[in-house]
Amino acid sequence: MTASAPAAAAAPAEPAAPAAPMAKATSSADASEGKLAYYGRKFANRKTASGERFNPGAMTMAHKTLPMGTMVRVTNTKNSRSAVVRVNDRGPTTPDRVGDLSLAAAKKIGMLRSGVIDAKLETVG
């Protein structure tokens, strides 16, 4: 019978690192409020910051910091109407606004008459 080598001592297990946060968290960091405006047909077919052409009939928006492709629920705080839009552009350049909506999204949340509204933005899926 041959002698076997002694088994190596197992190192104590280290605590697991915290899991990385999921893309959509449920914290208040996913929601913000501010003023929104919209941009209309005169910008049709111009390139957006994402490289796609602006389509006034699409449900899109410009935002200063959210990643391109982020889906955002935009709610008009005056009438509680909302729409889900996709970030495809950067802006607005006006410092007191948080975003600009496409014409279609502006119609859906009932802001065409006022032009600029107070809104709540929440990232979704």
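How many of the six residues of strand β5 (residues 97-102) are buried? Select that strand first. This is a predicted model. Five of the six residues of β5 are buried, so the strand is largely enclosed by the rest of the structure.

**Stop 1: the partners of β5**

Add strand β1, residues 31-39. β1 and β5 pair in the parallel sense, over five bridges. Show Y39 and look across to β5: S102 stands opposite.

Now add strand β2, residues 60-63. β2 runs antiparallel to β5, and three bridges join them. Show A62. Its opposite number in β5 is D100.

**Stop 2: D89**

Move to strand β4, residues 82-89, and select D89. D89 is buried, yet it has no salt bridge. The nearest side chain of opposite charge belongs to R90, 7.3 Å away. What does the D89 side chain reach? Show the backbone nitrogen of A49: the side chain of D89 comes to 2.8 Å from it.

Next, show the contacts of D89 beyond four places in sequence. Among them are Y39 and A62, which you have already met. T48, A49, M61, H63 and M68 are also touched by D89.

**Stop 3: V74**

Go to strand β3, residues 71-76, and select V74. Is V74 buried or exposed? It is buried, with a relative accessible area of 1%.

Then select A119. V74 and A119 lie 45 residues apart in sequence, but their C-alpha atoms are 6.6 Å apart in space. A119 is one of the contacts of V74 beyond four places in sequence. Others include L36, M61, V85, L101, I109 and L121. Show these to finish the tour.

Terms used:
Residues are numbered from 1 along each chain as its sequence is written. This is a predicted model: local features need pLDDT of at least 70, side-chain atom pairs count only at pLDDT 80 or more; totals for chains, interfaces and linings use all residues. Side-chain values use heavy atoms; hydrogens and water are left out. Helices (H or I, at least four residues) and strands (E, at least two) are DSSP runs, numbered from the N terminus. Buried means under 20% relative accessible area, exposed over 50%, partly exposed in between (1.4 Å probe, protein chains only). Lys and Arg count as positive and Asp and Glu as negative; His and the chain ends are not counted. A salt bridge is a side-chain nitrogen of Lys or Arg within 4 Å of a carboxyl oxygen of Asp or Glu. A polar contact is a pair of N or O atoms within 3.5 Å; within protein, one must be able to donate a hydrogen and the other to accept it, and residues adjacent in sequence count only if both atoms are side-chain atoms. Contact means heavy atoms within 4.5 Å. Two strands pair if DSSP finds at least two bridges between them.
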